Amino acid sequence: RTAEFIRKSGLVSRGDTVLLSLSAGKDSMALYHIMRVLAPQLGVTLAVFHLNHGVRGAESDADEAFLKELCARDNIPAVFRRHDFSQQSAAFEERARDVRYGLIEKAMKELGCTFAATAHTASDQAETVLMRACTGTHIRGLEGISPKRGNIIRPLLFASSEDIYAYLNAEKIAWREDESNADTGYARNFIRHEILPKLNERFENASRNIAAISDAAAESRRMTLFLLSELGMKIEHKNKESSLQITAQLDSREVFGFCIAELVAAVGGYLSRERIDEAFRRFHSEKAELAVYDGGDIIVERTSDRKKLIAKCREKKPEAWSVDIDTSRLPQSYNIGELSFTVEITDFDSCASGLKRRDALFLSLDGTESQIIVRSKCGGDSVRSDGMTRKLKDLFIGAKLSARQKTSVPVVVIGGSIAAAGIGFVSEYANRISDDRTVHVGSKKILAIYRTRPNIE
């Protein structure tokens, strides 16, 4: 059945190398053993990837050891990675998924793999469809999990959990249980353990029928795309963007809803009806941004001539950063994401001509040997400048900084107090320097920080 599903769905070709993304759970072990049996028949070679989340301590390490022993025994090349999620309490599922797929992409390049296979099943499909129906989705979202999306394939998407259990037991294949899968605090686990079992008790084959909705949604989508193409409307995908030439038909709420859902899906997301309604309202206003998906990861924009919609992945907010400045080792350069700067100790005569530069900070160090830190903004930061204390949050809002720019502003902390905020490093707005760190003609020891790359955006 797996071989037939792979052929029918066009998942692999002879000569491909497939990276199996494994967790050591029952679905993963079924995928591993089935693909090992089918590999010669399909003409593919296999490799393995495993991510140790670390959230279960010794149990997570035991999962990794289990797979390492398996791959060594079967002589399968493998990549094992670790990422500590122990402090990730909010949106753990989403965060773990993003990290996992990012690491899978790197492992594929490292091992020269054509595709990566995940162990999603029809039961996962039913959970996804039901979860999206409960949280709100357009019909595009009801397609659920695709058998093939880019270089990710799902060879077991036809099989139910019952099929997997039966296969593992018949073949006497061992697997590892993840106790966190029973935690109904996670939305998917709640649907898996609380909702679907009750539906299956009341309605025969409920899970299979819910999963089948994804096939019906996919058929509906293909037909709609065909009809739109007959009207001259075509959605184009290029790099990590998708675009749609605007026509008069977008005055229709139904056509607009389909098109914007398709645009967002093309770059990795899906929109609820509520978000689509919001986007439709914005489309008929002066707003340039029509819809934002998933906390800002995906955005839909309208071009200034109002002739095209473009969906693209918005860059994620950079991580917070901090560097300790050792004055005994200056001058020294630092690279933080898109921000690069050089720090040195100088005197007034050397820096006098540049005191008004936006891409530089000059701070008096006279009479202090305190610790110096340059970091990104933290919550509650404020600076006293020109006799007024202002929160950096308010200053950033006033300067209309983007999320990426906000994280790239160098905040200088001397002796535990905010000495400066280099707002001018990333915008047209002036830097803010603390009154007690302002450089004067008599300043003898001056900390100079220069931006060494062009402003972002």
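Helices here are DSSP runs of H or I with at least four residues, numbered from the N terminus. Keep in mind that this is a predicted model.

**Exercise 1: helix 2**

Work out whether the end-to-end distance of helix 2 (residues 26-42) agrees with its 17 residues, then look along the helix and just past its end.

Solution.
- Step 1. The expected span is 1.5 Å times one less than the number of residues.
- Step 2. For the 17 residues of helix 2 that gives 24 Å, and the end C-alpha atoms sit 23 Å apart, so the two agree.
- Step 3. Now find the bend: helix 2 has a kink of about 35° at Arg 36, shortly before the proline Pro 40.
- Step 4. Check the cover. Of the 17 residues in helix 2, 13 are buried, so call the helix mostly covered; buried means under 20% relative accessible area.
- Step 5. Step off the end: Gly 43, just after helix 2, has a positive phi of about 75°.

**Exercise 2: Gln 405**

Decide whether Gln 405 is buried or exposed, and find what its side chain reaches.

Solution.
- Step 1. Place the residue: Gln 405 belongs to helix 13 (residues 403-408).
- Step 2. Its relative accessible area is 8%. The cut-off for buried is under 20%, so Gln 405 counts as buried.
- Step 3. Follow the side chain of Gln 405 and you get to the backbone oxygen of Val 426, at 2.9 Å.

**Exercise 3: ring pairs**

Count the aromatic pairs, then classify two of them by their plane angles.

Solution.
- Step 1. Rings pair if their centres lie within 6.5 Å, and the count comes to seven aromatic pairs.
- Step 2. Take Phe 5 and Phe 158: the ring centres are 5.4 Å apart and the planes meet at 45°, so this pair is tilted.
- Step 3. See what that pair links. Phe 5 is in helix 1 (residues 2-9), while Phe 158 is in the loop between strand 6 (152-153) and helix 6 (161-171), 153 residues apart. Phe 5 and Phe 158 are both buried.
- Step 4. Next, Phe 256 and Phe 283: with centres 5.1 Å apart and planes at 35°, this pair is tilted.
- Step 5. Phe 256 lies in helix 9 (residues 253-266) and Phe 283 in helix 10 (residues 273-283), so the pair ties together parts 27 residues apart in sequence. Both of these Phe residues are buried, and with Phe 280 they form one aromatic cluster.

**Exercise 4: charges over rings**

Which ring does Lys 68 lie over, and which one has the charged end of Arg 100 over it?

Solution.
- Step 1. Lys 68 is over the face of Phe 80, 5.4 Å from the ring centre.
- Step 2. For Arg 100, the ring is that of Tyr 101, with the charged end 5.4 Å from its centre.

Terms used: Residues numbered from 1 in each chain as written. Predicted model: local features only at pLDDT ≥ 70, side-chain atom pairs only at ≥ 80, totals over all residues. Heavy atoms only, no water. Helix = DSSP H or I, 4+ residues; strand = E, 2+ residues; numbered from the N terminus. Bend = angle between axes of the 7 residues up to and from the residue. Buried < 20%, exposed > 50% of the residue type's maximum accessible area, 1.4 Å probe, protein only. Polar contact = N/O pair within 3.5 Å; in protein donor to acceptor, adjacent residues only side chain to side chain. Phe/Tyr/Trp six-rings, centres within 6.5 Å; stacked < 30°, edge-to-face > 60°. Lys NZ or Arg CZ within 6 Å of the ring centre and 35° of its normal.
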